[in-house]
Amino acid sequence: LASLDDLVFGGWDLFKDNAYQAACTADVLTREHLDLVKDELEQIKPMPAVFFPEYVKRLRGENVKQSANKWELAEAVREDIRRFKKDNGLSRAVAVWCGSTEVHSEPSEVHGSLAKFEAGLKNSDPGISPSMIYAYACLMEDVGYCNGAPNLTVDIGAYLKQRKMVTRLDA
C-alpha cells in the first residue's frame with residue numbers, strides 16, 4: 001500500500017473554487033475540521049467537469065468542458081487522467097464519484113455492451129450521463145472507479161461484460 005505521504009488528490013468540479021473553498025461552500029464538514037487541512041485543500045484546483053444540466057437540475061457551473069459530442073468529452077477526461085498521473089509521477093490511481101446524485105434513469109439499449117456504449121458516446125445518446133462518462137474514461141485508463149452515489153453509472157452491461165467491475169458504495 002502507498003503511504004499517506006504518497007497520496008495525491010485531484011478532480012473535476014463545475015466550479016473553479018479550490019477544494020477548500022468548495023468544501024466550505026458545500027457545508028458538509030465543519031470549518032473546524034476543514035481548517036486542519038486548509039493548506040493542502042487550497043492546493044487542489046479542479047479540472048473542468050463533464051456536466052449536463054438535465055441530469056442535475058439544480059446546479060449550474062462555469063467550469064465545464066465543451067465538446068462536439070460525448071465521445072470527445074470521454075476522451076478529454078481520459079487525457080485529464082493521463083496528464084494528472086504523469087504530472088504527479090503516479091503509476092496508479094483510483095477515482096471516487098462524489099458528485100451530485102443524478103436523476104434516476106433506467107438501463108437502455110445503449111448500455112448493453114461496450115460497442116453500443118461507445119457508439120452512444122459518439123452519437124451523444126441522452127441515456128449516457130456525466131457519471132457514466134467518468135466511469136468509462138477511468139475504466140479505459142485502468143483507473144479504479146468507486147461510485148459514491150445511487151446513480152445507474154456502473155450497473156450497466158457495457159462495463160460488467162468487460163470484467164472491469166467497480167466498487168459500489170451505494171449497495
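# Helix α6 and its surroundings

Q: What covers the buried residues of α6?
A: In this predicted model, the cover over the buried residues of α6 includes β1 (12–13), α4 (70–87), β3, α5 (114–122), β4 and α7 (157–160).

Q: How many of the residues of α6 are buried?
A: 10 of the 11 are buried, so α6 is largely enclosed by the rest of the structure.

Q: Which ones are they?
A: The buried residues of α6 are P130, S131, M132, I133, Y134, A135, Y136, A137, C138 and L139.

Q: Two tyrosines there. What does Y134 pair with?
A: Y134 forms an aromatic pair with W97. The ring centres are 5.6 Å apart and the planes are at 50 degrees, a tilted arrangement.

Q: Which elements do the two rings sit in?
A: W97 is in strand β3 and Y134 in helix α6, so the pair ties together parts that are 37 residues apart in sequence.

Q: Are those two buried or exposed?
A: Both W97 and Y134 are buried.

Q: And Y136, how is its ring placed against F117?
A: The centres of the F117 and Y136 rings are 5.7 Å apart and the planes are at 40 degrees; stacked would need under 30 degrees and edge-to-face over 60, so this pair is tilted. F117 belongs to helix α5 and Y136 to helix α6, and the pair links distant parts of the chain, 19 residues apart.

Q: Buried or exposed, that second pair?
A: F117 is buried, and Y136 is buried as well.

Q: How many aromatic pairs does the structure hold?
A: It holds five.

Q: Which residues form a cluster with W97?
A: W12 and Y134 join W97 in one aromatic cluster.

Q: Back to the strand with W97. Which residues of β3 are on the covered face?
A: β3 covers residues 94–97, and its covered face has A95 and W97. V94 and V96 make up the uncovered face.

Q: Why the every-other-residue pattern?
A: Because side chains in a regular strand alternate between the two faces of the sheet.

Q: Do β3 and β4 run parallel or antiparallel, and how many bridges join them?
A: They run parallel, joined by four bridges.

Q: What stands opposite V96?
A: C146, in β4.

Q: What comes between α6 and β4?
A: A loop that contains D142; α6 spans 130–140 and β4 spans 144–147.

Q: What is the phi of D142?
A: Positive, about 55 degrees, although D142 is not a glycine.

Q: Buried or exposed?
A: D142 has a relative accessible area of 62%, so it counts as exposed.

Q: Which loop holds D27?
A: D27 is in the loop between α1 (19–26) and α2 (31–35). Its phi is also positive, about 60 degrees, and D27 is not a glycine.

Q: Why does D27 count as exposed?
A: Because its relative accessibility is 63%, and the cut-off for exposed is over 50%.

Q: Changing topic: what is the volume of the second largest pocket?
A: About 270 Å³.

Q: Which lining residues are closest to its centre?
A: Of the 13 residues that line the second largest pocket, F9, G10, E40, Q43 and I44 are closest to the centre.

Q: What is the lining made of, by class?
A: Seven nonpolar, four polar and two charged residues line the second largest pocket.

Terms used
Residues are numbered from 1 along each chain as its sequence is written. This is a predicted model: local features need pLDDT of at least 70, side-chain atom pairs count only at pLDDT 80 or more; totals for chains, interfaces and linings use all residues. Side-chain values use heavy atoms; hydrogens and water are left out. Helices (H or I, at least four residues) and strands (E, at least two) are DSSP runs, numbered from the N terminus. Buried means under 20% relative accessible area, exposed over 50%, partly exposed in between (1.4 Å probe, protein chains only). Two strands pair if DSSP finds at least two bridges between them. Contact means heavy atoms within 4.5 Å. On a 1 Å grid over the protein atoms alone, a cavity is a set of points where a 1.4 Å probe fits but cannot get out, and a pocket is an open set with protein on both sides within 12 Å along at least five of seven lines; lining residues have an atom within 4 Å of a point. Grid points are joined across faces, edges and corners, and a volume is the space filled by probe spheres set on the points. Ala, Val, Leu, Ile, Met, Phe, Trp, Tyr, Cys and Pro count as nonpolar, Asp, Glu, Lys and Arg as charged, and the others, Gly among them, as polar. Rings of Phe, Tyr and Trp (its six-membered ring) pair if their centres lie within 6.5 Å; planes under 30 degrees apart count as stacked, over 60 as edge-to-face and the rest as tilted.
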